[in-house]
Amino acid sequence: MPTQVLYMEDRRGQEPDPCYLREFDATVLERGPDFVVLDRTAFYAEGGGQPYDTGNLSWPGGAAKVLRVTKEKGVIRHHVDRVPSERLVHGTIDWDRRYAHMRYHTSQHLLSGLVWRIFAARTVGNQLYTDRARVDFQPASFTPEDLARIEGECNRAIEAAHEVRIFQEDRVVVDSKIGDRSLLDLIPASIRQLRVIQVGTADYCPCGGTHLKNTSEIGRVHVVEKRSKGKETDRITYELLPK
Ligand SMILES: [Zn+2]
């Protein structure tokens, strides 16, 4: 039985919003030497440039730290410093870390969408951290003026307080709407319904990550540097500052 991924649930009409779920109850399905598989989880497993969540699992009379969460061949493993002795556990996510990832991930979509629209440069790689993010664009060779424009456009979209929608859409529809913005070919052909993240009118992209409800929660985008990675690829590193 695959683990039910709680943050992937439908965003509409859920309170708290699935991406903002910090705690949950679960049943242990499998115990490894240093990991457990749960029937349901709110922990994010490393993937798509977003790091894994950390936190803890607790049960009557005990607790374990969740050090890392991985997903391999569809199996989500919670790597722990102590394997729970009980079948029922309560999970709690380190919220500061996760929320930082949500702010960076949503801002990355905004940045990628704007750069695609203005420069027709596609996002070919990205990595998020709690204090910065980097995005690789191709084909791109940004001037200092371009970078100032990208930063300005991002901050305008943040100030416009765009709603971030998450919904399922037929692959054929996504393909027709997205053009060359993203590499749909990387998603197995057997998957016909895609989870789409739409940031106001600024971006539309399939993604399995955790996202904010509104761009106003991002803060302010500050481009730290641009580096050429060769092959017409430019890497932009940015940080988020308080508003
Ligand atoms: Zn994403």
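**Exercise 1. A helix and the sheet it crosses**

In this predicted model, find which strands helix 3 lies across, and state at about what angle the helix runs to strand 11.

*Solution.* Begin with the helix itself, which covers residues 171–178. Following its contacts, you find that helix 3 lies across strand 11, strand 12 and strand 13. Then compare directions with strand 11, and the helix turns out to run at about 120 degrees to that strand.

**Exercise 2. The order of the strands**

Work out in what order the three strands of this open sheet lie, and which of them are the edge strands.

*Solution.* The order across the open sheet is 11-12-13, and the pairing is antiparallel. Next, ask on how many sides a strand pairs: strand 11 (164–170) and strand 13 (203–206) each pair on one side only, and these are the edge strands. From one strand to the next, the twist averages 25 degrees.

**Exercise 3. Bridges between strand 11 and strand 12**

Determine how many bridges join strand 11 to strand 12, and name the bridge partner of Gln168.

*Solution.* Strand 12 comprises residues 193–199, and it is joined to strand 11 by seven bridges, with the two strands running antiparallel. To place one residue in this pairing, start from Gln168 and look across to strand 12, where its bridge partner is Arg195.

**Exercise 4. Two hairpins that share strand 6**

Describe how strand 6 pairs with strand 5 and with strand 7, and say which residue in each turn has a positive phi.

*Solution.* Take strand 5 (residues 55–59) to begin with: five bridges join this strand to strand 6 (residues 62–72), and the two run antiparallel. One example is Gly55, whose bridge partner in strand 6 is Val66. These strands form a hairpin with two residues between them, and Gly61 in the turn has a positive phi of about 90 degrees.

Now move on to strand 7 (residues 75–80), which pairs with strand 6 in the antiparallel sense over six bridges. Here Lys71 has Ile76 of strand 7 as its bridge partner. Strand 6 and strand 7 likewise form a hairpin with two residues between them, and in this turn Lys73 has a positive phi of about 50 degrees.

**Exercise 5. Two domains and their contact**

Find how far apart the C-alpha centres of domain 1 and domain 2 lie, and how many residues each domain gives to the contact.

*Solution.* The domain assignment gives domain 1 as 4–93 and domain 2 as 98–241. Their C-alpha centres lie 26 Å apart. The contact takes 13 residues from domain 1 and 15 residues from domain 2. Sorted by class, the side of domain 1 that touches domain 2 holds six nonpolar, four polar and three charged residues.

Definitions and conventions: Residues numbered from 1 in each chain as written. Predicted model: local features only at pLDDT ≥ 70, side-chain atom pairs only at ≥ 80, totals over all residues. Pairing = 2+ DSSP bridges. Helix = DSSP H or I, 4+ residues; strand = E, 2+ residues; numbered from the N terminus. Axes fitted to C-alpha atoms, helices over the stretch in contact; angles between N-to-C directions. Contact = placed C-beta atoms within 7 Å. Domains from an automatic or database assignment. Nonpolar A, V, L, I, M, F, W, Y, C, P; charged D, E, K, R; others polar.
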